[in-house]
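Trainee: I'm new to this one and would like a close look at a single part. Could you walk me through it once it's on the screen?

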Amino acid sequence: MYIIVGLGNPTREYEATRHNIGFDAITRISDDYRIPLDFKKHKALCGKGMIAGEKVILAQPQTYMNLSGESVRELKDFYKAEAKDIIIIYDDISLEPGKLRIRTKGSAGGHNGIKSIIAHLGTEEFPRIRVGVGDKPAGWDLADYVLSRFPKEEQPVIREALGTTSEAVKTILTEGMEQAMNQYNRK
(Lines give C-alpha, C1' and ligand atoms only; values in the text may rest on other atoms or scores of the structure.)
Protein backbone atom coordinates (compact mmCIF):
# COMPACT_ATOMS: atom_id res chain seq x y z
CA MET A 1 0.00 0.00 0.00
CA TYR A 2 1.11 3.54 -0.76
CA ILE A 3 0.15 6.73 1.02
CA ILE A 4 0.14 9.72 -1.32
CA VAL A 5 0.11 13.04 0.51
CA GLY A 6 -0.32 16.45 -1.08
CA LEU A 7 0.72 19.39 1.07
CA GLY A 8 -1.28 22.58 1.42
CA ASN A 9 -3.40 24.64 3.77
CA PRO A 10 -7.07 23.98 4.47
CA THR A 11 -9.90 26.52 4.03
CA ARG A 12 -11.11 28.41 0.96
CA GLU A 13 -8.72 31.28 1.62
CA TYR A 14 -5.79 29.13 0.43
CA GLU A 15 -7.46 27.32 -2.49
CA ALA A 16 -5.49 27.41 -5.75
CA THR A 17 -2.48 29.19 -4.22
CA ARG A 18 1.08 28.22 -5.11
CA HIS A 19 1.58 26.66 -1.67
CA ASN A 20 -1.47 24.42 -2.23
CA ILE A 21 -0.23 22.73 -5.39
CA GLY A 22 0.08 19.49 -3.39
CA PHE A 23 -3.63 19.64 -2.51
CA ASP A 24 -4.42 20.37 -6.16
CA ALA A 25 -2.35 17.34 -7.25
CA ILE A 26 -4.27 15.06 -4.86
CA THR A 27 -7.56 16.42 -6.22
CA ARG A 28 -6.35 15.66 -9.78
CA ILE A 29 -5.24 12.12 -8.80
CA SER A 30 -8.60 11.64 -7.05
CA ASP A 31 -10.40 12.65 -10.27
CA ASP A 32 -8.13 10.66 -12.62
CA TYR A 33 -8.45 7.39 -10.69
CA ARG A 34 -11.98 7.92 -9.31
CA ILE A 35 -10.87 7.82 -5.69
CA PRO A 36 -13.26 10.03 -3.72
CA LEU A 37 -11.77 12.12 -0.91
CA ASP A 38 -14.60 11.14 1.36
CA PHE A 39 -13.39 10.73 4.92
CA LYS A 40 -11.53 12.75 7.53
CA LYS A 41 -9.09 10.83 9.67
CA HIS A 42 -5.49 11.22 10.81
CA LYS A 43 -5.84 15.01 10.67
CA ALA A 44 -6.40 14.74 6.90
CA LEU A 45 -9.06 14.60 4.22
CA CYS A 46 -8.55 11.12 2.78
CA GLY A 47 -9.60 8.74 0.06
CA LYS A 48 -8.96 5.02 -0.33
CA GLY A 49 -8.73 3.29 -3.68
CA MET A 50 -6.60 1.65 -6.34
CA ILE A 51 -4.17 2.97 -8.93
CA ALA A 52 -2.95 0.42 -11.49
CA GLY A 53 -3.69 -2.47 -9.14
CA GLU A 54 -1.96 -0.89 -6.13
CA LYS A 55 -3.86 0.05 -2.97
CA VAL A 56 -3.47 3.73 -2.15
CA ILE A 57 -4.52 6.23 0.46
CA LEU A 58 -4.76 9.81 -0.81
CA ALA A 59 -4.41 12.51 1.85
CA GLN A 60 -4.61 16.28 2.18
CA PRO A 61 -3.44 17.13 5.73
CA GLN A 62 -5.77 19.60 7.44
CA THR A 63 -3.16 20.72 9.99
CA TYR A 64 -1.87 23.68 7.97
CA MET A 65 1.42 23.37 6.12
CA ASN A 66 3.86 23.85 9.00
CA LEU A 67 2.34 20.93 10.97
CA SER A 68 1.97 18.49 8.05
CA GLY A 69 4.20 15.96 9.81
CA GLU A 70 1.55 15.35 12.49
CA SER A 71 -0.87 14.01 9.89
CA VAL A 72 1.77 12.08 7.93
CA ARG A 73 2.97 10.37 11.13
CA GLU A 74 -0.60 9.36 12.06
CA LEU A 75 -1.14 7.94 8.56
CA LYS A 76 2.17 6.05 8.70
CA ASP A 77 1.44 4.57 12.11
CA PHE A 78 -2.18 3.64 11.41
CA TYR A 79 -1.42 1.92 8.09
CA LYS A 80 1.90 0.50 9.35
CA ALA A 81 3.60 1.98 6.29
CA GLU A 82 7.30 2.35 5.63
CA ALA A 83 8.58 5.87 4.91
CA LYS A 84 9.58 4.65 1.42
CA ASP A 85 5.89 3.99 0.67
CA ILE A 86 4.77 7.55 1.50
CA ILE A 87 4.90 9.89 -1.50
CA ILE A 88 4.81 13.60 -0.64
CA ILE A 89 3.76 16.14 -3.29
CA TYR A 90 4.54 19.81 -2.66
CA ASP A 91 5.45 23.20 -4.12
CA ASP A 92 9.00 24.26 -4.97
CA ILE A 93 9.94 27.89 -5.68
CA SER A 94 13.34 26.90 -7.08
CA LEU A 95 11.71 25.21 -10.09
CA GLU A 96 10.03 26.96 -13.03
CA PRO A 97 6.23 26.79 -12.94
CA GLY A 98 5.10 23.31 -13.95
CA LYS A 99 8.50 21.58 -13.79
CA LEU A 100 8.66 18.37 -11.73
CA ARG A 101 11.50 16.95 -9.65
CA ILE A 102 11.13 13.46 -8.24
CA ARG A 103 13.52 12.29 -5.52
CA THR A 104 13.77 9.32 -3.15
CA LYS A 105 15.06 11.47 -0.29
CA GLY A 106 16.46 14.87 0.57
CA SER A 107 16.54 17.75 2.98
CA ALA A 108 13.65 20.12 3.57
CA GLY A 109 15.33 22.81 1.48
CA GLY A 110 13.64 25.50 3.56
CA HIS A 111 10.12 24.05 3.07
CA ASN A 112 8.35 24.10 6.45
CA GLY A 113 5.92 21.32 5.55
CA ILE A 114 8.80 19.00 4.68
CA LYS A 115 10.71 20.07 7.83
CA SER A 116 7.68 18.98 9.86
CA ILE A 117 7.45 15.62 8.06
CA ILE A 118 11.17 14.93 8.52
CA ALA A 119 10.86 15.77 12.24
CA HIS A 120 7.84 13.48 12.72
CA LEU A 121 9.13 10.57 10.63
CA GLY A 122 12.71 10.86 11.88
CA THR A 123 14.07 10.44 8.36
CA GLU A 124 14.66 12.34 5.10
CA GLU A 125 14.23 9.11 3.15
CA PHE A 126 10.76 9.26 1.67
CA PRO A 127 9.80 9.79 -1.98
CA ARG A 128 8.69 13.21 -3.04
CA ILE A 129 7.43 15.01 -6.10
CA ARG A 130 8.28 18.70 -6.14
CA VAL A 131 6.11 20.79 -8.43
CA GLY A 132 7.63 24.07 -9.60
CA VAL A 133 5.70 27.22 -8.78
CA GLY A 134 8.40 29.71 -9.81
CA ASP A 135 10.70 31.95 -7.81
CA LYS A 136 9.33 35.00 -6.03
CA PRO A 137 9.76 38.30 -7.84
CA ALA A 138 12.23 40.80 -6.40
CA GLY A 139 10.73 42.79 -3.56
CA TRP A 140 8.07 40.20 -2.73
CA ASP A 141 7.80 38.63 0.72
CA LEU A 142 8.16 34.83 0.37
CA ALA A 143 5.02 34.07 2.41
CA ASP A 144 2.96 36.52 0.33
CA TYR A 145 4.29 34.94 -2.86
CA VAL A 146 3.60 31.29 -2.02
CA LEU A 147 0.13 32.25 -0.77
CA SER A 148 -0.65 34.06 -4.03
CA ARG A 149 -2.56 32.52 -6.93
CA PHE A 150 -1.15 31.73 -10.33
CA PRO A 151 -1.64 34.46 -12.93
CA LYS A 152 -3.86 33.58 -15.89
CA GLU A 153 -0.89 33.00 -18.22
CA GLU A 154 0.60 30.32 -15.90
CA GLN A 155 -2.65 28.42 -15.29
CA PRO A 156 -2.46 26.16 -18.41
CA VAL A 157 1.12 25.16 -17.46
CA ILE A 158 0.00 24.35 -13.92
CA ARG A 159 -2.99 22.31 -15.11
CA GLU A 160 -0.65 20.32 -17.36
CA ALA A 161 1.79 19.84 -14.47
CA LEU A 162 -1.00 18.43 -12.29
CA GLY A 163 -1.81 15.89 -15.01
CA THR A 164 1.85 15.00 -15.32
CA THR A 165 2.10 14.62 -11.54
CA SER A 166 -0.81 12.17 -11.64
CA GLU A 167 0.96 10.18 -14.38
CA ALA A 168 4.22 10.29 -12.41
CA VAL A 169 2.51 8.79 -9.35
CA LYS A 170 1.23 5.91 -11.48
CA THR A 171 4.74 5.41 -12.88
CA ILE A 172 6.22 5.30 -9.36
CA LEU A 173 3.65 2.67 -8.32
CA THR A 174 4.00 0.49 -11.41
CA GLU A 175 7.60 0.95 -12.56
CA GLY A 176 9.44 2.32 -9.51
CA MET A 177 11.16 5.52 -8.47
CA GLU A 178 14.15 5.08 -10.78
CA GLN A 179 11.97 4.92 -13.89
CA ALA A 180 9.84 7.86 -12.71
CA MET A 181 12.94 9.99 -12.09
CA ASN A 182 14.36 9.10 -15.51
CA GLN A 183 11.08 9.86 -17.24
CA TYR A 184 9.94 13.05 -15.49
CA ASN A 185 13.05 14.81 -14.19
CA ARG A 186 14.38 15.46 -17.71
CA LYS A 187 11.47 17.58 -18.87
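Trainee: Let's take strand β1, residues 2-6: how many of its residues are buried, and is the strand largely enclosed by the rest of the structure or not?

Mentor: Keep in mind that we're looking at a predicted model. In β1, five of the five residues are buried, so the strand is largely enclosed by the rest of the structure. Look at the two faces: Tyr-2, Ile-4 and Gly-6 point one way, while Ile-3 and Val-5 point the other way, and all of them are buried.

Now see who sits beside the strand. Strand β4, residues 54-61, runs parallel to β1 and is joined to it by four bridges. Ile-3 has Ile-57 of β4 as its bridge partner, and Ile-4 stands opposite Leu-58 in β4. Then there's strand β5, residues 86-92, which also pairs with β1 in the parallel sense, over four bridges. Here Val-5 is the one to find, with Ile-88 of β5 as its bridge partner. As a general point, strands of a sheet pair through backbone hydrogen bonds, either parallel or antiparallel.

Step back and you'll see the whole sheet. It is open, has seven strands in the order β2-β3-β4-β1-β5-β7-β6, and its pairing is mixed. At the edges are β2 (39-41) and β6 (100-103), each of which pairs on one side only. Ignoring direction, neighbouring strands of this sheet are turned by 25° against each other on average.

Helices come into the picture as well. Helix α1, residues 21-32, packs on the sheet and touches β1, β3 (44-51), β4, β5 and β7 (128-132). The direction of α1 makes about 145° with that of β4. Helix α2, residues 68-78, packs on the sheet too, touching β1, β2, β3, β4 and β5. Its direction makes about 170° with that of β1.

So, to put β1 together: the strand has β4 joined to it by four bridges, β5 paired with it over four bridges, and contacts from α1 and α2. When you turn the model, start from Ile-3 and its partner Ile-57 in β4, then go to Val-5 and its partner Ile-88 in β5. After that, follow the strand order outward to the edge strands β2 and β6.

Key
Residues are numbered from 1 along each chain as its sequence is written. This is a predicted model: local features need pLDDT of at least 70, side-chain atom pairs count only at pLDDT 80 or more; totals for chains, interfaces and linings use all residues. Side-chain values use heavy atoms; hydrogens and water are left out. Buried means under 20% relative accessible area, exposed over 50%, partly exposed in between (1.4 Å probe, protein chains only). Two strands pair if DSSP finds at least two bridges between them. Axes are lines fitted to C-alpha atoms, for helices over the stretch in contact, and angles run from 0 to 180 degrees between N-to-C directions. Contact means heavy atoms within 4.5 Å.
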